[in-house]
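This report looks at how two protein chains are arranged and at how they meet a strand of DNA. Please keep the sequence and the structure in view while reading.

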There are 2 protein chains.
Amino acid sequence: MARGQETRKRILDVAQSAVLAKGFDATSIDEIVANAELTKSGFFYHFRDKNALALALIERHIEIEDQLFDELLQRARDLAEDPLQRALIALKLLAELIDDMPNGHPGCVVATAVYQDRLFDREVREANRRAVLGWRRRFRAMFDDIVAVYPAQDDVDLDSLADMVSSVIEGGIVMARALAEPSVTAQQILLLRSYVKVLFSPR
Amino acid sequence: MARGQETRKRILDVAQSAVLAKGFDATSIDEIVANAELTKSGFFYHFRDKNALALALIERHIEIEDQLFDELLQRARDLAEDPLQRALIALKLLAELIDDMPNGHPGCVVATAVYQDRLFDREVREANRRAVLGWRRRFRAMFDDIVAVYPAQDDVDLDSLADMVSSVIEGGIVMARALAEPSVTAQQILLLRSYVKVLFSPR
DNA sequence: TCCAAATTCCTACCGCGGGTACAGTACCAT
DNA sequence: ATGGTACTGTACCCGCGGTAGGAATTTGGA
């Protein structure tokens, strides 16, 4: 890795841990450059402004999260043949994954960006949108597999249902933080799992 | 209303519309005092700091929202006898209510506070928590009425289920904003309605 | 080995926003 | 008339994002 890229990565690492701990706008550039051991000028050489930093962080985060989802879905596929069972396993794993995150997950980056609108520009919002659409695609495929075998007990739009996975995660995070009860997020995901179960289980 | 209370209200009104339009931290005190036609000193006479303003706004907002929920649940009670029907009607009304909000609802205050943590202090978070617990109580009662008549098709915790209403709203708002598709929130609520339907409908 | 480009440092500065300090004033009720 | 309540006015501080522009250093390539 070229010298410049190393520094860039160091900045991102430092910024990431600070942002996850305290939030984006509570993390000052001065603080980042201090911990990354370079100067303010050095920072602005790598990032046009704080927005550019946010964009880089978000893109990085999304990549990792995508990978996480893929692994999770793959594990579910390995554990069962039946598409409904696979989905139920996947949602169970997802709930466990989120429950295991120590201080209750760092709070999804997507939502942070959504709720600090004015801080971010078009590019950031676009990256955000692509990420969410990616999740929709993944879970939609999961539900497509199910309906090919089990008819739904109620008339639902599968894209919306796929969105519901993300929606419940995001909402669950908000609720967990509002209530100061980290376990809430996982509980909400398990309720979604229950929905999937009763929706597709044959009578 | 005393002279002081009038001014205080004027500040809150001006602040509210600005905050709903642009977000809390994008709204400067200078701007508020300009539109409320008083001075900075005048502002700080009424509010210790920006935090106190946030608290007042949130408490006000929660009051209105509580009233809205109560009206909605009352209307549902008027429209049907059967507790399951009532719940389904309430959720339908809720979806319509949210869908009718012009530029897609202003984004729930609770979530804004949650995601701008460091901006707010303990008091604000406490107010937030109480609000969410209030919603839990309301919807929990709704579900209690249902289980008294219809056994659930799956084993679910009713508090969690009650929380799911809030959760889906919050998550739906995040998704709608992330996707720039305002209709998403209402769709998510209708999916929750579908869950309630299949969960409690006798086989 | 030398040059140019890339990378990092240094210093000084700007504007905005939240917030403080404090003196003065207008109004209203007892 | 007096004392609280509700302000106005002015001046100031600090942190933060960001800019300006030159100097130094490192690095890869001809």
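A polar contact is a pair of N or O atoms within 3.5 Å. With that cut-off in mind, one can turn to this structure, which is a predicted model, and find that a phosphate oxygen of DNA strand D is 2.7 Å from an N or O atom in the side chain of B:Thr7. Chain A also takes part, and the table lists the three pairs together.

| Residue | Atom of the residue | Distance to a phosphate oxygen of DNA strand D |
|---|---|---|
| B:Thr7 | side-chain N or O | 2.7 Å |
| A:Lys50 | polar side-chain atom | 2.8 Å |
| A:Ile29 | backbone N or O | 2.9 Å |

The elements that give two or more residues to the surface near DNA strand D are helix H3 (40–46) of chain A and, from chain B, helix H1 (3–22) and helix H3 (40–46). Among these, H3(B) gives the most, with four residues.

Which residues come nearest to DNA strand D? Of the 17 residues around this strand, they are A:Lys50, B:Thr7, B:Thr39, B:Ser41 and B:Tyr45, and on the side of the DNA, sugar and phosphate account for 64% of the atoms of strand D that come within 4 Å of the protein. The residues of this surface divide into eight polar, five charged and four nonpolar.

The two chains themselves can be compared, for chain B can be laid on chain A with an RMSD of 0.1 Å by a turn of 180 degrees and a shift of 0.1 Å along the axis. The two copies are therefore related as by a two-fold rotation axis, and in chain B the C-alpha nearest this axis is that of B:Gly171, 1.8 Å from it. The same surface serves both copies, since 98% of the contact residues of chain B recur in chain A.

Technical notes. Residues are numbered from 1 along each chain as its sequence is written. Chains are lettered from A and ligands numbered from 1 in the order in which they are written. This is a predicted model: local features need pLDDT of at least 70, side-chain atom pairs count only at pLDDT 80 or more; totals for chains, interfaces and linings use all residues. Side-chain values use heavy atoms; hydrogens and water are left out. Copies are superposed by least squares on the C-alpha atoms of residues with pLDDT of at least 70 in both. Contact means heavy atoms within 4.5 Å. A residue is near a molecule or strand if one of its heavy atoms lies within 4 Å of it. A polar contact is a pair of N or O atoms within 3.5 Å; within protein, one must be able to donate a hydrogen and the other to accept it, and residues adjacent in sequence count only if both atoms are side-chain atoms. Ala, Val, Leu, Ile, Met, Phe, Trp, Tyr, Cys and Pro count as nonpolar, Asp, Glu, Lys and Arg as charged, and the others, Gly among them, as polar.
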